[in-house]
Amino acid sequence: MLREIVLDTETTGLEARSDEIIEIGCVEIFDRRITGRHYHQYIRPNVAISAGAEAVHGISNEMLADKPRFADVADAFLEFVAEAQVVIHNAEFDSGFLSEEFRRIGREQHWPPPGPIVDSLLLARRKHPGQRNSLDALCKRYEVDNSGRDLHGALLDSELLAEVYLRLTGGQNEIRLESQPVRSASGAERSLASVLSEAARRPRLAEVDTDAAQAHQEYIAAMREAGACLWPESG
């Protein structure tokens, strides 16, 4: 049983040293199923949001005027991601910002977390080398509906990435097959995946009617007379 947290952030700009996180979104995956549990928090920064960043996510300084500071939400955030494998697209960016936020509040020992961090961008580049592997490109490739993504959003992007990540790392369909047992006539219970795998190994049999069988024999006889028959004569 593996608990994973798909995480995304929005920020005031691109420089972790001088910019800050203004939104965190997390989605929980347990045993490769999206559970519906999530963590979502807007944060009031100590620096102004750059025009370029606001154009990407649509979040303004005025919208965050009544939101808590990062120090006020750090414990709730850590509690949600505790004992989980964290999945981030372009992990260096988001994890770098989180490291800076914890450093600013004197808690640098709390990030990165003790568990592993999986970078889905690196996974995608390994699986699809030479192709675009942005979140939008992966949504299109794996047929994940991102039609509502006019702007970036930490929770929305986490939800989309969770769907993409499951397809990228093996496919949700395969997992569902593994989890649905099939009962045979004798009462024995087997996984559907094992039944399908065994069926795929059996030779395919084709039913041939009398006319087709006769035509086949005539064709073989004609080849034999022409000296082009590849099969040895049988007794």
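1. A good place to start is glutamate 83, which sits in the loop between H2 and E4; helices (H or I, at least four residues) and strands (E, at least two) are DSSP runs, numbered from the N terminus. Glutamate 83 is exposed, with a relative accessible area of 83%. Buried here means under 20% relative accessible area, exposed over 50%, and partly exposed in between (1.4 Å probe, protein chains only). The phi of glutamate 83 is near 60°, a positive value in a residue other than glycine.

2. Before going on, please keep in mind that this is a predicted model, in which local features need pLDDT of at least 70, side-chain atom pairs count only at pLDDT 80 or more, and totals for chains, interfaces and linings use all residues. Residues are numbered from 1 along each chain as its sequence is written, and side-chain values use heavy atoms, with hydrogens and water left out.

3. Two other spots deserve a look at the backbone. Most residues other than glycine have a negative phi, and most peptide bonds are trans. Aspartate 31, in the loop between E2 and strand E3 (33–42), has a positive phi near 55°. Aspartate 31 is partly exposed, at 37% relative accessible area. The peptide bond from tryptophan 111 to proline 112 is cis, with omega near 5°, and proline 112 belongs to the loop between H3 and strand E5 (117–119).

4. Now the chain as a whole. The protein chain has nine helices and seven strands, and 38% of its 235 residues count as buried. Taking contacts (heavy atoms within 4.5 Å) between residues at least 6 apart in sequence, 63% join residues at least 24 apart. The chain exposes about 14300 Å², of which carbon and sulfur atoms supply 51%; these areas come from the Shrake-Rupley method with a 1.4 Å probe, and for residues only the protein chains shown count as cover.

5. Which residues touch the most other members of the largest nonpolar core? They are Leu7, Ile24, Cys26, Phe77, Leu98 and Trp111, out of 23 residues in that core. A nonpolar core is a set of buried Ala, Val, Leu, Ile, Met, Phe, Trp, Tyr and Cys residues joined through side-chain atoms within 4.5 Å. E1, strand E2 (21–30), helix H2 (70–81), strand E4 (85–88) and H3 each supply at least two residues of this core, and H2 gives the largest share, seven residues. Apart from this core lies another, of 19 residues, among them Val87, Leu138, Tyr142 and Leu155.

6. Tryptophan 111 links the core to the cis bond in point 3, since it takes part in both. Leaving out residues up to four places away in sequence, tryptophan 111 touches Leu7, Phe77, Leu78, Val81, Ser95, Leu98, Ser99, Phe102 and Ile117.

7. Two buried residues are worth a click in the viewer. Valine 27, in strand E2, counts as buried at 5% relative accessibility. Valine 27 and alanine 162 are 135 residues apart in sequence, yet 7.1 Å apart in space, C-alpha to C-alpha. Among the residues that valine 27 touches are Ile5, Ile34, Leu155 and Ala162. Glutamate 20, in the loop between E1 and E2, is also buried, with a relative accessible area of 8%. Its C-alpha lies 8.2 Å from that of glutamate 100, and the two residues are 80 apart in sequence. The contacts of glutamate 20 include Glu10, Pro45, Phe97 and Arg104.

8. Finally, the pockets. Rolling a probe the size of a water molecule over the atoms shows where empty space is left. On a 1 Å grid over the protein atoms alone, a pocket is an open set of points where a 1.4 Å probe fits, with protein on both sides within 12 Å along at least five of seven lines; lining residues have an atom within 4 Å of a point. Grid points are joined across faces, edges and corners, and a volume is the space filled by probe spheres set on the points.

9. The largest pocket has a volume of about 540 Å³. Of its 26 lining residues, Asp8, Glu10, Phe93, Arg149 and His152 are the closest to its centre. Strand E1 (3–11), helix H1 (51–57), helix H3 (91–104), helix H5 (135–141) and helix H6 (154–168) each supply at least two lining residues, and E1 gives the most, five. By class the lining has eight nonpolar, 12 polar and six charged residues; Ala, Val, Leu, Ile, Met, Phe, Trp, Tyr, Cys and Pro count as nonpolar, Asp, Glu, Lys and Arg as charged, and the others, Gly among them, as polar.

10. The second largest pocket, of about 160 Å³, brings back some residues from earlier points. Its lining includes Glu83 and Pro112, along with Leu78 and Val81. Seven nonpolar, three polar and one charged residues make up this lining.
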